[in-house]
Amino acid sequence: MSEQLTTLDISSTKEEKYKNLLPQIEALISGEQDLVANLANISAALKQCFDFLWVGFYLVNENELVLGPFQGPIACTRIAFGKGVCGTVWKEKKTIVVDDVDKFPGHIACSSESKSEVVVPVIKNGNVAMVLDVDSSQLVSFNHTDEFWLGKICSLVEAKLS
Ligand code: SME
């Protein structure tokens, strides 16, 4: 199988890019059961398709989130339950879109370049198994479109969890 993503027209809207990307991610992970391999390729596919600063996963490990596969600058490795945007998503079990990270109380700044962020939970059997975190170097980069499509990508991951 070719793992080359289709080159997307630069004029594509965000919606069109996600619409194109989703089946490609589905194909990319369909024949592979290894979680790390799949999370790594999903991170790379999102980074390649969009101009995001940082894309990656934090996995629940006992009482912390631990850094998983990602693309972008070096990030903090562990986040406590309820801390930062990621820990809050874990606690609240719902997606959070942050227009301006400086205005989110307790935001954890892994990179000073990060200005806005969206974090989506992957929920298995009612529990958060991991979160998908996406950071942008621009303010107000994320909206309901990202929430919807990143949620669909997280559903694909959820379906792969045993
Ligand atoms: N900003 C996140 C921490 C992870 S980094 O952005 C990669 C947070 O507040 O949880």
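This is a viewer tour of one predicted model, stop by stop.

Before you click, a little housekeeping: numbering starts at 1 along each chain as its sequence is written, and side-chain values use heavy atoms, with hydrogens and water left out. Because the model is predicted, local features need pLDDT of at least 70 and side-chain atom pairs count only at pLDDT 80 or more, while totals for chains, interfaces and linings use all residues.

**Stop 1: helix H3**

Select 84-92, which is helix H3. Helices here are DSSP runs of H or I with at least four residues, strands are runs of E with at least two, and both are numbered from the N terminus. Is this helix enclosed or open? H3 is largely enclosed by the rest of the structure, because 7 of its 9 residues are buried. (Buried means under 20% relative accessible area, exposed over 50%, and partly exposed in between, using a 1.4 Å probe and protein chains only.) Colour the buried ones: Gly84, Val85, Cys86, Gly87, Thr88, Val89 and Trp90. Now show the strands they pack against: S1, S2 (64-71), S3 (78-80), S4 (96-98), S5 (116-124) and S6.

Zoom in on Thr88, which sits in H3 and counts as buried at 14% relative accessibility. Leaving out residues up to four places away in sequence, Thr88 touches Gly82, Lys83, Ile96 and Phe104; a contact means heavy atoms within 4.5 Å.

**Stop 2: just past H3, then over to S5 and S6**

Step off the end of H3 to Lys93, which follows the helix and lies in the loop between H3 and S4. Check its backbone: phi is near 55°, a positive value in a residue other than glycine. Lys93 is partly exposed, at 41% relative accessible area.

Then jump to Asn125 in the loop between S5 and S6. Asn125 also isn't a glycine, yet has a positive phi of about 50°. At 71% relative accessibility, Asn125 counts as exposed.

**Stop 3: the cavity**

Run your cavity finder over the whole structure: the search behind this tour turns up 1 cavity of 30 Å³ or more. (A cavity is a set of points on a 1 Å grid over the protein atoms alone where a 1.4 Å probe fits but cannot get out, and lining residues have an atom within 4 Å of a point.) About 150 Å³ of space lies in it, with volume taken as the space filled by probe spheres set on grid points joined across faces, edges and corners.

Which residues should you select to centre the view? Of the 19 lining residues, Ile108, Cys110, Glu117, Asp133 and Asp135 lie nearest the centre of the cavity. Strand S1 (54-61), H3 and strand S6 (127-136) each supply at least two residues of the lining, and H3 gives the most, with 3. By class, the lining has 11 nonpolar, 4 polar and 4 charged residues. (Nonpolar covers Ala, Val, Leu, Ile, Met, Phe, Trp, Tyr, Cys and Pro; charged covers Asp, Glu, Lys and Arg; the others, Gly among them, are polar.)

**Stop 4: the nonpolar cores**

Select Ile42, Leu46, Leu132, Val134 and Leu150: they have the most contacts inside the largest nonpolar core, which has 29 residues. (Such a core is a set of buried Ala, Val, Leu, Ile, Met, Phe, Trp, Tyr and Cys residues joined through side-chain atoms within 4.5 Å.) Helices H1 (14-30), H2 (35-49) and H4 (144-160), along with S1, S5 and S6, each supply at least two residues of this core. Around Leu46, leaving out residues up to four places away, you'll find Tyr18, Leu21, Phe52, Val55, Leu132, Leu150 and Ile153 in contact.

Look also for a second, separate core of 17 residues, including Ile96, Val101, Val119 and Val131.

**Stop 5: the rings**

How many aromatic pairs does a search of the whole structure find? There are 8. (Rings of Phe, Tyr and Trp, the last by its six-membered ring, pair if their centres lie within 6.5 Å; planes under 30 degrees apart count as stacked, over 60 as edge-to-face and the rest as tilted.) One of them is Phe50 with Phe52, stacked at 4.9 Å centre to centre and 20° between the planes. Trp54 and Tyr58 are stacked too, with centres 5.9 Å apart and planes at 25°. Trp54 is buried at 5%, as is Tyr58 at 1%.

Finish by selecting Tyr18, Phe50, Phe52, Phe142, Phe148 and Trp149, which form one aromatic cluster.

Terms used: On a 1 Å grid over the protein atoms alone, a cavity is a set of points where a 1.4 Å probe fits but cannot get out, and a pocket is an open set with protein on both sides within 12 Å along at least five of seven lines; lining residues have an atom within 4 Å of a point.
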